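I opened the model with a coffee at hand and kept short notes as I went. Have a look at it yourself before reading on.

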Amino acid sequence: MSSTSVITLKNASFGYRAGRLALQDISLEIPRGSRVAFIGPNGAGKSTLFLHLNAILRPTSGQLLYEGSPYDYSRAGTHQLRRQVGLVFQDHDSQLFAANVLDDVLFGPMNMGMSLARAEETARESLSTVGMLELADEPVHFLSPGQKKRVAIAGVLAMNPDVLVMDEPTAGLDYTGMVNFELVLTALHATGKTLIVSTHDMDWAWKWADLAFVMAEGRIVLGGEARGILARDDHASYGFARPCAVERRIKE
Amino acid sequence: MLYLDYLSHHNAFRHWSLLEKTLLGIGGLILSVSMGSTVSLILIFSGMSALLFAAGMPTRQWFRLWGAMLPFLAVSLMTVIFSFSRGSFTAIWQISTFFGQLGVTAAGLEMAGRLFLRAIAALSCLFFLAGTTPVAHMAAWGARVRVLRPVLEIALLTYRFIFVVLETAAQIYTAQQSRLGYSTLRRSMRSIRVLAANLGRKSFLTARALFISLSARNYEEQLVFRYPQITVNAKRLLVIFVSLTAIGLSGHI
């Protein structure tokens, strides 16, 4: 893993309403090519933080940097940022808007100014990466939740971002969906992309993540090497369960 | 209706060009509305139904589809079948009411029969079109006319979110049912009211989430319309044209 930071947050804070901060003084660095898990209870600010990474939201104070340069919130700047940092939403039904799979996936490439033929080619490549090419012409509403999740990822992948941010991607996936999803992530990691996810699945985070950040009430309360964070004795005070592998080892 | 949507994506005619299917569906519809000949209307109804079966429509689903349509048709026909007058009139059957005479006339019955035939012929054309052509393809075709694009964008989004709303409604309904929400008529009315109110709220939240997710992919207030590249089969087009012309002429014989 390279030690160069792809995304840096410096004292970033954000409030939806006056008097209540959804993010408080967040400082962290995401190394390029790393696999990062954000954990913490619901309402901790993970989704709000992810909207900042994709420049949907702008911090009320503090700064975000992409490869050392401050985020540019101009129209052209946000366009460029959203090509570099792709965001997959937790609720796939609010992300997938088109009538069929291919139309949804080629939406991003078309917005990047590609011709329809080129966008279609890119979209098919992305669908192939997530193992959904066979269902390219299928209507979105006939897909299973796991398939919708993969199409949502393909829709972002088609914009070829360096960083892929996924909000609770493992939520609601069955065993097969989970296995397929892990295969997709492995393939993406092999291409050098930086992968950032939020999750409540500690066993999966233990297995998958290089780094982990724990959030609570809009703050980063812990951060560092994933296995070191997840195996802490004081995990309960931070609002997360220890992975089964750790518990088993302690019992033995 | 949901089965028609499924069939539109998985039918035997999905490799037919839009021009062929539209000519057949819309051409048949125009003939149904403009022609009065019983023979023509029966020909259109039976022809379109046969095509729908050939496309892959199961018989049971076909009956269910018509079962959903016929009550609406029956209510409309009532106003034609029954005549009302303050004075007397010649009727096959009539009854005196406080307000006047209510009855069924031969002319009314004949008109209702013709209207019924016309309606089922026209509906069968629409069923054929809806059951063999995905909505997205029709929208993409229409979007070639630039001024129609904004309307078609809204139509496509609405189409997609009908299924999201239906799924949400089903989930809310199940949750209510599991807690005895529909155990009495009164509770049912209340549950339906709550369901409708929550669907409205959910729709608003979904619309907001959709805008955010579109923005994350650099949405510039323009959606993509992808027109399927299917070559028109000239021979088939000719057969469709000749068939429609023959049906049209049969009305004048």
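Below are my entries, one topic at a time.

**Entry 1: what kind of model**

I remind myself that this is a predicted model. Every value I jot down is computed from it.

**Entry 2: chain A**

I began with chain A and counted 11 helices and 10 strands. Next I checked its spread: for 252 residues a compact globule would have a radius of gyration near 18 Å, and chain A agrees, with 18 Å. Its C-alpha trace spans about 55 × 45 × 35 Å along the principal axes. I noted that 47% of the 252 residues count as buried. For contacts in chain A with a separation of 6 or more, 69% are between residues 24 or more positions apart.

**Entry 3: chain B, the overall layout**

Then I turned to chain B, where I found 9 helices and 3 strands. Walking along the sequence, I read the order as α-α-α-α-β-β-β-α-α-α-α-α. Is chain B compact or spread out? The globule rule gives 18 Å for 253 residues, but the radius of gyration of chain B is 23 Å, well over that, so chain B is more spread out than a compact globule. I also wrote down the extent of its C-alpha trace, about 70 × 60 × 35 Å along the principal axes. Buried residues come to 25% of the 253 in chain B. Of the contacts in chain B with a separation of 6 or more, 70% join residues 24 or more positions apart.

**Entry 4: domains of chain B**

I looked up the domain assignment for chain B next. Domain 1 is given as 2-141 + 228-250, and domain 2 as 146-215. I noted 30 Å between the C-alpha centres of domain 1 and domain 2 of chain B.

**Entry 5: where the chains touch**

How many residues of chain B are in contact with chain A? I got 24 residues of chain B, in contact with 28 residues of chain A. On the chain B side, α6 (135-142), α7 (149-178) and α8 (185-215) each supply at least two residues. The largest share of that side, 7 residues, comes from α8(B). Sorted by class, the residues of chain B that touch chain A are 15 nonpolar, 5 polar and 4 charged.

**Entry 6: a helix pair in chain B**

I picked out helix α1 (residues 2-9) and helix α5 (residues 106-132) of chain B, whose axes come within 6 Å and cross at roughly 55 degrees. That angle is neither under 35 degrees nor within 65 to 115, and α1(B) and α5(B) are therefore oblique to each other. From α1(B), the contact takes in B:Leu4, B:Leu7 and B:Ser8. From α5(B), I listed B:Phe127, B:Ala130, B:Gly131 and B:Thr132. By class I have 4 nonpolar and 3 polar residues in this contact, and no charged ones.

**Entry 7: one serine**

Last, I clicked on B:Ser243, which lies in helix α9 (residues 234-250) of chain B. Why does B:Ser243 count as partly exposed? I found 15 other C-beta atoms within 10 Å of B:Ser243, and a count between 12 and 20 is what makes a residue partly exposed. Out of curiosity I compared B:Ser243 with B:Thr132, a residue already listed in the α1(B) and α5(B) contact. B:Ser243 and B:Thr132 are 111 residues apart in sequence and 19 Å apart in space, C-alpha to C-alpha.

How values were computed. Residues are numbered from 1 along each chain as its sequence is written. Chains are lettered from A and ligands numbered from 1 in the order in which they are written. This is a predicted model: local features need pLDDT of at least 70, side-chain atom pairs count only at pLDDT 80 or more; totals for chains, interfaces and linings use all residues. Helices (H or I, at least four residues) and strands (E, at least two) are DSSP runs, numbered from the N terminus. The radius of gyration is taken over C-alpha atoms; the globule rule is 2.2 Å times the number of residues to the power 0.38. Two residues are in contact if their C-beta atoms, placed from the backbone, lie within 7 Å. Domain bounds come from an automatic or database domain assignment. Ala, Val, Leu, Ile, Met, Phe, Trp, Tyr, Cys and Pro count as nonpolar, Asp, Glu, Lys and Arg as charged, and the others, Gly among them, as polar. Axes are lines fitted to C-alpha atoms, for helices over the stretch in contact, and angles run from 0 to 180 degrees between N-to-C directions. Angles under 35 degrees count as roughly parallel, over 145 as roughly antiparallel, 65 to 115 as roughly perpendicular and the rest as oblique.
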